[in-house]
Amino acid sequence: MAKKIRFPLEMDNGLEVRSMEELRNNFSLGRVLEYIQNGKLVIWLRDRYENNIADAIADLDKTDSELPIKVSAIFDVPYDEKTEDDLKQAAERAERIKHLKEFTDEKRFIDEIDKVAFDQDELYDLLDEKVNEIYLCGDRFAIPLSVQDVSYKGINNPVVVIDSKTEVDWLAKGITLEAVRYDEKYQAVVDSANATKEVLYEKLVETVKKQPTKKVSLGTAPEKTYLSLMIPVSERESTKRMYALAKDVVENVNYDADADIIGMKKLVHDNNLIGIADRYISEL
C-alpha cells in the first residue's frame, strides 16, 4: 500500500509543525486563520484523525468577526486582544500588498510595502513618521519642497507636482527623485532653464574663441614645499620627470581667465538670462 504523505503547517519564523502537540506549543493564530481560509487546516487535521476538531473548524463562518476567539477556543489556546490587533495589521498589510501587485510583482517593492504611498494622504503620513525613503504608487503626488533629505522612488512612473516657478536645486534640499515624471507646469520651467543653459553655453564658446591667448609658465618643480617634502627620496626624481611632462602640456593651453570673466558678465547682462545673472556673477 502506498504511503500517504502528510504535509506540515508552517508557523511563525518558518517553524513546521506535524502534530497537534507541536501545533499547540507553537500556535500562531494568524497563520492558523490563513490555513482556515484556504482549507489546508481541515485537511491537515483529518490526515491526523483529529476529525472532531476538523468538523468544528469546517462549521465556522469564515466571515465571523469573532472567528479568532472561536478558533483559539477550539484549540484550547489562550487568546488576547493584542493578538487581534496584530491580525488586523497583518490583514491591512496583506491588502496593501494585494493592491501593489496590481502594478508590480517585483519583490524589492513588496518588501518595502510599509514605505509605499498610494495617495497624497499616505505620502503625508509617511513624512509625519519621518520616513526618508518613500515609494510612490499612484497617479499624481505633490512633493513638499519644505521637507528636505527625502528620497522619492516611483513604482508606476507617477507624476510629481513641483510648486516652483524656477528650477529647484535638488542637491541643496537633499531631495532625490527617481522613476517619476514632472507635472506640466514644472516641466515647462525645466525646459526653459535647459534652453537658456544651451544658449549660454553656445555664447560662452563663441566668447572664449574670440579671447586673446595668454602664455602660462609654471616654472620648475617645487622642491621646498611641504608637499614636496612628503614625497619619498626614492621617488623624487620620477616626480620631477612627471612634473616636467605635465608642465609642457599645461603651458601650451591657450586661455585668458580675466577676459573670459569680463566677457561672460557682459553676455549675461546683455541677454537678461532669467534672473541667474546676479547669482552667477557673485560666484565668479
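**A tour of the predicted model**

Start by selecting residues 273–284, where pLDDT stays under 50 and the model has 14 contacts beyond four places in sequence. This is a predicted model. Colour the whole chain by confidence next: the average pLDDT is 81, and 72% of the residues score at least 70.

Now select helix 4, residues 51–58. Show the side chains of Ile 53, Ala 54 and Ile 57, which are buried. Look down the axis of helix 4: the buried residues fall within an arc of 100°, so they line one face of the helix. To see what they pack against, add helix 1 (20–25), helix 2 (29–38), helix 3 (40–47) and helix 5 (67–74).

Move on to Thr 104, in the loop between helix 6 (81–100) and helix 7 (107–110). Is Thr 104 buried or exposed? Its relative accessibility is 10%, under the 20% cut-off, so Thr 104 counts as buried. Display the backbone nitrogen of Glu 106, which the side chain of Thr 104 reaches at 3.0 Å. Then add Phe 109 and Ile 155, the residues in contact with Thr 104 once neighbours within four places in sequence are left aside.

The last stop is Asp 139, in the loop between strand 4 (133–136) and strand 5 (140–142). Here the relative accessibility is 68%, over the 50% cut-off, so Asp 139 counts as exposed. Select Pro 158 and Val 159 as well: Asp 139 is in contact with both, leaving aside neighbours within four places in sequence. Finally, set a distance between the C-alpha atoms of Asp 139 and Asn 157; the two residues are 18 apart along the chain, and these atoms are separated by 8.4 Å.

Key
Residues numbered from 1 in each chain as written. Predicted model: local features only at pLDDT ≥ 70, side-chain atom pairs only at ≥ 80, totals over all residues. Heavy atoms only, no water. Helix = DSSP H or I, 4+ residues; strand = E, 2+ residues; numbered from the N terminus. Buried < 20%, exposed > 50% of the residue type's maximum accessible area, 1.4 Å probe, protein only. Contact = heavy atoms within 4.5 Å. Arc of directions from axis to C-beta. pLDDT = per-residue confidence, 0-100. Polar contact = N/O pair within 3.5 Å; in protein donor to acceptor, adjacent residues only side chain to side chain.
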